[in-house]
Amino acid sequence: MPATTLQKTGRYRGLGHTGPIDLRPTDLNKLKRYLEPNANIALPIRPQGAGTASTDCNRCVSGSILHTAGLDRITKIDSYNHTVTAQAGVRLGRLVDELAKQGLELIGAYDLQGRTLGGAIAAPCFGPVIGNQGAYFSSHVIAMKLVTASGQLLNVGPQQQNLLSALRLSFGLLGVIYEATLRVRPIRTFSASHRRISIDKFASVVDTLANGDIGFKFYMLPHRDCIYLDLRRYDAEPGNAFGVPWKIKDWGENAVLPNVVKSLNRLVPFPSVRYRLIDTISETTQKLVNTRLVTAGTNAVAQSRPHRKASKSVSRFSTWCFPAANFAMIAIAYRDFCESLYEQSGFRCDMPTVGYRLCQDASSLLSPSFDDPMIALTAASTQESGWDDFVIDLADFAENWAGTPLLSQSRALQGDYAHQVYGSRLDFFGRMRRRLDPENRLLSPFLAQFAL
Ligand SMILES: Cc1cc2nc3c(=O)[nH]c(=O)nc-3n(C[C@H](O)[C@H](O)[C@H](O)COP(=O)(O)OP(=O)(O)OC[C@H]3O[C@@H](n4cnc5c(N)ncnc54)[C@H](O)[C@@H]3O)c2cc1C
């Protein structure tokens with residue numbers, strides 16, 4: 001998406017419309033040169049990986065966008081010490097495939113494999129992780145090389161835990177990640193089970209699930225009052241993990257469903273008929289691809305690929321995190337919120353709301369689940385009309401239920417609310433940012449609204 005069509009994220013509006021300049025470094029020297037203070041580059045400079053974040057954290061109206069896709073080398077896979085070192089523009093899907101060839105996998109399953117290593121470290125990247133071994137992709141980073149706002153190469157190793165913790169989830173504000181080393185592990189098979197339950201029933205078990213040694217993802221259909229649960233655990237005999245069923249599941253959920261929904265929106269003019277059809281198709285997809293198809297998986301096969309046409313269809317999504325301890329009440333309140341909003345405004349999301357468990361994880365300063373386990377809830381829709389008002393209502397709902405925002409994924413987020421939630425951690429991060437970038441060369445107006 002061109003940065004001139006700035007999304008209305010936060011309630012901030014951009015002013016100028018000169019358009020940003022695109023910078024595409026392919027090696028470290030070029031990257032350093034772009035960031036040198038005497039390089040005469042339009043400011044601010046915003047790093048961008050795959051550009052899949054749903055707020056303006058990865059773009060700017062004027063200034064420069066530094067695309068990292070050309071930094072795409074996997075430098076080293078160490079099968080003995082179980083680590084991988086790769087450049088920032090490497091796509092997660094490619095990383096997963098190369099690791100699998102050596103019998104290794106990422107510690108955690110992450111959907112949307114088109115995103116980049118740098119984007120997945122600099123912004124919260126999560127999935128149905130089993131157990132409590134780190135909620136985010138960035139939790140497994142043990143070393144990093146980055147180029148600071150003044151063009152200096154900074155090497156950060158395992159001994160500098162405080163600096164590493166600030167650099168994880170730093171949204172490209174402390175420098176541009178050039179290369180990172182991550183912990184990985186030998187491929188391990190989990191068992192997967194699926195079931196359909198009512199939202200009330202889900203509310204009665206969510207606390208137990210959130211505190212158990214399992215991973216889960218769910219698809220909520222608020223207007224059908226049901227949830228499709230995808231539960232993953234490590235069993236003694238998990239069975240065989242085949243890749244094909246996961247590919248069919250991914251294709252059904254992430255390519256077929258959004259495209260069918262988009263077509264129905266065009267073809268069926270009556271909302272009540274249209275939404276009945278859409279919900280029936282969503283349920284059928286879930287029954288076919290989840291309850292019947294996959295029973296065992298590994299982090300190497302259970303991944304979703306980018307589907308270009310479909311990701312254009314579902315370009316609208318907004319994520320908020322909620323305390324797992326209160327999620328029994330929040331799930332029911334969310335269903336009621338969706339229903340009453342539909343009655344009042346005629347707008348509703350046409351895609352299922354997706355949820356993930358995020359274990360408590362203090363590995364980064366700006367971790368959304370720093371103190372407690374959370375549930376991340378992503379509302380998604382293919383429809384443009386009514387979406388901008390919906391995300392404002394969703395933000396109000398989230399604020400009322402003590403939701404934790406993600407600077408990269410929570411639409412209509414207000415700067416002072418983010419400050420209230422992240423409090424002294426955001427203050428500390430801001431002090432560090434000002435020290436590393438005193439001239440605000442990497443700070444865009446969108447990110448400045450969080451008083452960084
Ligand atoms: C359809 C869809 C589904 C999604 N589902 C999920 C999901 O299930 N789970 C989830 O966690 N997320 C999800 N996301 C959100 C998104 O994929 C994540 O935020 C992802 O981590 C962003 O990666 P990216 O490469 O696209 O980064 P970008 O969006 O390009 O950038 C994200 C942030 O990282 C910074 N950044 C990027 N590269 C660098 C670098 N080299 N150095 C420093 N800073 C950098 C950018 O400045 C920006 O602030 C989804 C997005 C879409 C479109």
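In this predicted model, 32 residues of domain 1 are in contact with 33 residues of domain 2. On the domain 1 side, the elements that supply two or more residues are helix H2 (92-101), strand E6 (104-106) and helix H4 (161-167). H2 gives the largest share of that side, with four residues. Sorted by chemistry, the domain 1 residues that touch domain 2 come out as 18 nonpolar, 11 polar and three charged. As for where the domains begin and end, the assignment puts domain 1 at 74-186 and domain 2 at 190-413. Their C-alpha centres sit 25 Å apart.

Next comes the ligand. It is surrounded by 34 residues, and the closest are Gly49, Ala53, Gly118, Gly119 and Gly172. Strand E2 (45-48), helix H3 (117-122) and strand E9 (176-186) are the elements that give two or more residues to this shell. The largest share is from H3, which brings four residues. By type, the shell splits into 17 nonpolar, 14 polar and three charged residues. Because domain 1 and domain 2 both give residues to the shell, the ligand lies between them.

The nonpolar core tells a similar story. The largest one holds 123 residues, and the members that touch the most others are Leu117, Ile177 and Ile375. Both domain 1 and domain 2 give residues to this core, so it lies between them too. Take Ile375 as an example: leaving out residues up to four places away in sequence, it touches Ala210, Cys321, Phe322, Ala324, Phe327, Gly355 and Arg357.

Another residue to look at is Ala398, which is part of helix H10 (residues 387-400). Ala398 counts as buried because it has 25 C-beta neighbours inside 10 Å, and 20 or more is what it takes to be called buried. Beyond its neighbours within four places in sequence, Ala398 is in contact with Trp320 and Gly403. Val141, by contrast, is 257 residues from Ala398 in sequence, and the two C-alpha atoms are 30 Å apart in space.

Then there is the sheet. Eight strands make up an open sheet, running in the order E13-E10-E12-E11-E15-E16-E14-E17, with antiparallel pairing. Strand E13 (296-297) and strand E17 (404-405) stand at the edges with a single partner strand each, so one side of each has no neighbour in the sheet. At the E13 end, the antiparallel pairing between E13 and strand E10 (residues 190-198) runs over two bridges. Here Phe190 stands opposite Gly297 in E13.

Finally, a few spots in the backbone stand out. Most residues other than glycine have a negative phi, and most peptide bonds are trans. The bond between Leu43 and Pro44 is cis, with omega about 0°. Pro44 is placed in the loop between helix H1 (28-35) and E2. That loop between H1 and E2 also holds Asn40, which is not a glycine yet has a positive phi of about 60°. Asn40 is exposed, because 6 other C-beta atoms lie within 10 Å. Asp225 also has a positive phi without being a glycine, with a value near 55°. Its place is in the loop between strand E11 (215-221) and strand E12 (226-233). With 13 C-beta neighbours inside 10 Å, Asp225 counts as partly exposed.

Note on methods: Residues are numbered from 1 along each chain as its sequence is written. This is a predicted model: local features need pLDDT of at least 70, side-chain atom pairs count only at pLDDT 80 or more; totals for chains, interfaces and linings use all residues. Domain bounds come from an automatic or database domain assignment. Two residues are in contact if their C-beta atoms, placed from the backbone, lie within 7 Å. Ala, Val, Leu, Ile, Met, Phe, Trp, Tyr, Cys and Pro count as nonpolar, Asp, Glu, Lys and Arg as charged, and the others, Gly among them, as polar. A residue is near a molecule or strand if its C-beta atom, placed from the backbone, lies within 6 Å of it. A residue is buried if 20 or more other C-beta atoms lie within 10 Å of its own, exposed if 12 or fewer, and partly exposed in between; C-beta atoms are placed from the backbone. A nonpolar core is a set of buried Ala, Val, Leu, Ile, Met, Phe, Trp, Tyr and Cys residues joined through C-beta atoms within 7 Å. Two strands pair if DSSP finds at least two bridges between them.
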